[in-house]
Protein chains: 2
Amino acid sequence: MTMSLSAELWPDVQPDAARRLMLAGVESFAQRGYHATTTRDIATNAGMSPAALYVHFPSKAALLFAISRSGHEQALALVQNAAEQADTPMTALREIVERFVAWHARRHTVARVVQYELGALPEQEYRVVAELRRGIERIVHDIVVRGAEAGQFTVSDPMTAARAVLSLGVDVARWYTDRSRTSPAELGRQYGELALRMLGADPARAASPRN
Amino acid sequence: MTMSLSAELWPDVQPDAARRLMLAGVESFAQRGYHATTTRDIATNAGMSPAALYVHFPSKAALLFAISRSGHEQALALVQNAAEQADTPMTALREIVERFVAWHARRHTVARVVQYELGALPEQEYRVVAELRRGIERIVHDIVVRGAEAGQFTVSDPMTAARAVLSLGVDVARWYTDRSRTSPAELGRQYGELALRMLGADPARAASPRN
């Protein structure tokens, strides 16, 4: 169970022991916060010794960085793919929100660590992650600007609008649980409509390709 | 400086030592998380002895509860006042978002603890806070429903729409800093427009009374 979830979350990470440690880290950080978690807690949670943890990650900060970077890379990739596949700013924006929101709901425990433990990253590692975040914001900002130029969106401040669009998705990680009545995909669909409207677009004119 | 800020944040709390401890708690929890903070850290931060802390709060959890309950009561009161003072669902919704967003920006450190340390509250205390949260959600939900009935809003799922409106405000606490280029009031104004649009309303028809 744990092994297959960790493989699903981080297909690119090898060996399996490293993935198990990342999952144990996510669970511990989400439950008690980064600062209150020890490397011993994480190793125990993964069924390993503290020494075995250090074989894969030189420090607790290195483990947090691996989780945070991977989460941000996944979010950036899905935003990038959605932007590239769409043929208009409206469909691009809707696709991005649908996927970004669904990811934050489906991966809510990972996403919580990714979004709320940024302050615990060491300076250099923080800079790497901040650049990935700027990449996500830039794509959404540029789509908002292009949509406004094309007359599809009406916005007074593209930066504020782009951040509000992303906020809708990020905040899902805070409140979504496995007991939430709306599925990740359905929530994404609803938020896609809300986001388009927020930008002054008519959702009926940008039908979701998956519906 | 610290004394006047704590008095501004919690005008109803007496004596001043209790307010200073709440402010020290907010700062410590926001920086390192609830679980990694000791009562000794908080007392030291407030310039007091651990024994002096226990005079005012029987435990670290009691201090978190005081901060969380007070923050939720303030948020509920401002949402209630905005709802009561407005004469239409559109102006009510805009007023609520303007004040709720501005509060989360202006009080971002307090709001961060209030919004992100819910899981650390003991069960009984959590229930008290959860009831305050439901009160906020209920007011926004009812305004969305009344606005839809009055033909001012167009929404497919009022509960999802209400939560998305509140998400915009809550997430401000995550990213807003004292260095943010937009003032709390201006951010509130912009988000008020975005929220109205999200509900399918025309912001130009619900002019902000403060503009």
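**View 1. A:Arg134, at a relative accessible area of 41%, is partly exposed.** Partly exposed here covers the range between buried (under 20% relative accessible area) and exposed (over 50%), worked out with a 1.4 Å probe on protein chains only. This is a predicted model, where local features need pLDDT of at least 70 and side-chain atom pairs count only at pLDDT 80 or more, while totals for chains, interfaces and linings use all residues. For finding your way around, residues are numbered from 1 along each chain as its sequence is written, chains are lettered from A and ligands numbered from 1 in the order in which they are written, and side-chain values use heavy atoms, with hydrogens and water left out. The partner to look for is A:Glu131, which makes a salt bridge with A:Arg134, with 2.9 Å between the closest N and O atoms. For a pair to count as a salt bridge, a side-chain nitrogen of Lys or Arg has to be within 4 Å of a carboxyl oxygen of Asp or Glu. A:Glu131 is partly exposed too, at 39%. Both residues sit in helix H8 of chain A (residues 123–149), three residues apart, or about one turn of the helix. Helices are DSSP runs (H or I, at least four residues), as strands are (E, at least two), and the numbering starts from the N terminus.

**View 2. Over in chain B, B:Glu131 pairs with B:Arg138.** This salt bridge has its closest N and O atoms 3.3 Å apart. B:Glu131 has a relative accessibility of 37%, so it falls in the partly exposed class. B:Arg138 is partly exposed as well, with a value of 42%.

**View 3. B:Arg174 and B:Asp171 form a salt bridge out of sight of the solvent probe's main reach: both are buried.** Their closest N and O atoms are 2.7 Å apart. The two residues are three places apart in helix H9 of chain B (residues 158–175), which means about one helical turn separates them. In chain A, salt bridges with shared partners link A:Arg94, A:Glu98, A:Glu186, A:Arg189 and A:Glu193 into one network. Over all chains, the salt-bridge count is 24.

**View 4. B:Thr182 sits in the loop between H9 and H10 of chain B.** Helix H10 here spans 184–198. The relative accessibility of B:Thr182 is 10%, so this residue counts as buried. Setting aside residues up to four places away in sequence, B:Thr182 touches B:Tyr176 and B:Leu187. Contact means heavy atoms within 4.5 Å.

**View 5. Here chain A meets chain B, with 30 residues of one in contact with 30 of the other.** Together the chains bury about 2,700 Å², 52% of it on carbon and sulfur atoms. That figure is the accessible area (1.4 Å probe) that the two parts lose on being put together, summed over both. Two salt bridges are counted between the chains. In a salt bridge between A:Arg181 and B:Asp157, the N to O distance is 3.8 Å. Eight residue pairs at pLDDT 80 or more are in polar contact across the interface. A polar contact is a pair of N or O atoms within 3.5 Å; within protein, one must be able to donate a hydrogen and the other to accept it, and residues adjacent in sequence count only if both atoms are side-chain atoms.

On the side of chain A that touches chain B, helices H2 (16–32), H7 (108–116), H9 (158–175) and H10 (184–198) each supply at least two residues. H9(A) gives the largest share, eleven residues. Sorted by class, that side of chain A has 14 nonpolar, eight polar and eight charged residues. Nonpolar means Ala, Val, Leu, Ile, Met, Phe, Trp, Tyr, Cys and Pro, charged means Asp, Glu, Lys and Arg, and the others, Gly among them, are polar.

**View 6. B:Gln190, in helix H10 of chain B, reaches chain A residues.** Leaving out neighbours within four places in sequence, B:Gln190 contacts A:Asp157 and A:Thr160. B:Gln190 is buried, at a relative accessible area of 10%.

**View 7. A turn of 180° lays chain A on chain B with an RMSD of 0.0 Å.** The shift along the axis is 0.0 Å. The two copies are therefore related as by a two-fold rotation axis. The fit is by least squares on the C-alpha atoms of residues with pLDDT of at least 70 in both copies. Of the interface residues of chain A, 100% are interface residues in chain B too, so the copies meet through the same surface.

**View 8. A cis peptide bond runs from A:Gln14 to A:Pro15, with omega near -5°.** A:Pro15 lies in the loop between H1 (2–9) and H2 of chain A. In chain B, the bond joining B:Gln14 and B:Pro15 is cis, with omega about -5°. B:Pro15 is in the loop between helix H1 (2–9) and helix H2 (16–32) of chain B.
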